[in-house]
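Reader: I am in my first year of study and would be grateful for a close look at one part of this model. Could you take me through the interior, from its enclosed space to the residues packed around it?

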Amino acid sequence: QISWTPLLVLGYLFYLLLGAMVFQLLEKQAETHFRDQFQLEKLKFLQNYTCLDRQALEQFVQVLMEAWEKGVNPEGNSTNPSNWDFSNSFFFAGTVVTTIGYGNLSPSTVAGQIFCVFYALFGVPLNLAFLNQLGKGLNAHLLTLGRWVQKPGRAQVQLAIFLTTGTLLFLVFPPLVFSYVEGWSYGEGFYFTFITLSTIGFGDYVVGTNPNKHYIPVYRSLTAIWIVFGLAWLALVFNVGADLMERYLQLKWHKSDLSLAEGATTKLEDEPEQPRIHIP
């Protein structure tokens with residue numbers, strides 16, 4: 001039997017190539033537009049403030065970029081809340097062990113960077129063990145729900161309850177909260193929710209970072225707890241999806257092998273036996 005692994009590899013590479021082409025088609029033109037617009041705004045700024053030259057403006061832009069990379073929001077003033085109070089630090093610790101890594105905030109001191117390395121070294125396996133145990137608990141709860149459903153196709157009912165409940169708790173309702181607190185649209189909130197729970201973590205949308213808003217102290221801590229439980233649920237969904245996809249590919253490939261084998265057998269049976277030449 002021929003292995004189905006090459007088919008999976010080809011499908012994986014094709015999916016990456018397809019994604020690259022679609023993202024290029026959707027985003028490249030917009031990027032060019034924003035780049036041209038930014039250059040135009042810089043020219044207008046120099047025209048309005050003739051005491052500045054281009055080099056001074058570029059240096060100031062560099063200062064802004066460095067501030068953003070260090071987690072300092074250039075908007076507002078020095079009264080902006082700290083990124084490293086306990087609530088924000090708790091949220092950052094959660095993004096480290098869950099490997100989300102938004103990228104909008106990172107340790108700037110050598111001691112903080114070294115601690116982050118060892119903290120992640122032990123924290124990531126601990127987080128995986130915790131999520132695995134949490135996933136087992138969710139599975140056990142699903143089995144309990146399934147025993148209440150005395151109907152044919154109980155497994156399908158279990159899966160439907162699991163998907164519906166999790167979708168409402170982790171993908172549908174949270175964007176409503178984020179839209180209200182952060183001022184995002186529902187689509188932006190949903191985008192942030194999925195990108196976070198899938199541990200992709202681009203960092204283009206992060207909760208609790210708007211300097212013009214006043215957040216309750218435990219807002220980001222509660223968000224971190226929601227992330228942990230959401231990760232466990234979505235990881236189970238991804239595992240189920242991966243298992244179903246793997247079984248489907250194996251089944252298709254196995255059927256293809258059987259069809260080829262049956263076709264070859266039928267062909268041999270249909271062909272008349274050729275006379276054999278006996279050489280003394």
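Author: A definition is needed at the outset: Ala, Val, Leu, Ile, Met, Phe, Trp, Tyr, Cys and Pro count as nonpolar, Asp, Glu, Lys and Arg as charged, and the others, Gly among them, as polar. Please also bear in mind that this is a predicted model.

Let us begin with the enclosed space. The count of cavities of 30 Å³ or more comes to 1, and the volume of the largest cavity is about 40 Å³. Its lining consists of Y102, Y191, F192, I195, T196, F202, G203, D204 and Y205. Sorted by the classes above, these lining residues comprise 6 nonpolar, 2 polar and 1 charged.

Two of the lining residues, Y102 and F192, lead us to the nonpolar core. The largest such core contains 24 residues, and those with the most contacts inside it are F91, Y102, F178, F192, V207, W226 and I227. At least two residues of this core are supplied by each of α4 (110-148), α5 (154-182), α6 (186-197) and α7. Helix α7 provides the largest share, 10 residues. As a general background, nonpolar side chains in soluble globular proteins tend to be buried together.

Two residues show how the packing is arranged. Setting aside neighbours within four places in sequence, W226 is in contact with L169, F170, P174, F178, F192, T193 and L197. The second residue is T223, which belongs to helix α7 (residues 219-270). Is T223 buried or exposed? T223 has a relative accessible area of 5%, and buried means under 20%, so T223 is buried. With neighbours within four places again left aside, T223 is in contact with F91, F178 and V207. F178 thus appears in the contacts of W226 and in those of T223.

F91 directs attention to helix α3, where S87, N88, F91, F92, A93, T95, V96 and V97 are buried. Helix α3 (residues 86-97) has 12 residues and spans 17 Å from its first C-alpha to its last, close to the 16 Å expected at 1.5 Å a residue. After α3 comes T99, with a positive phi near 60°.

For a contrast with the buried residues, consider L7 in helix α1 (residues 5-48). L7 has a relative accessibility of 34% and therefore counts as partly exposed, since that class lies between the cut-offs of 20% and 50%. The C-alpha atoms of L7 and Q250 are 9.7 Å from each other, although these residues are 243 residues apart along the chain.

Notes. Residues numbered from 1 in each chain as written. Predicted model: local features only at pLDDT ≥ 70, side-chain atom pairs only at ≥ 80, totals over all residues. Heavy atoms only, no water. 1 Å grid on protein atoms, 1.4 Å probe; cavity = no way out; pocket = protein on both sides within 12 Å on 5 of 7 lines; lining within 4 Å. Points joined across faces, edges and corners; volume = space filled by probe spheres on them. Helix = DSSP H or I, 4+ residues; strand = E, 2+ residues; numbered from the N terminus. Buried < 20%, exposed > 50% of the residue type's maximum accessible area, 1.4 Å probe, protein only. Contact = heavy atoms within 4.5 Å. Core = buried A, V, L, I, M, F, W, Y, C linked by side-chain atoms within 4.5 Å. Expected span 1.5 Å × (residues − 1).
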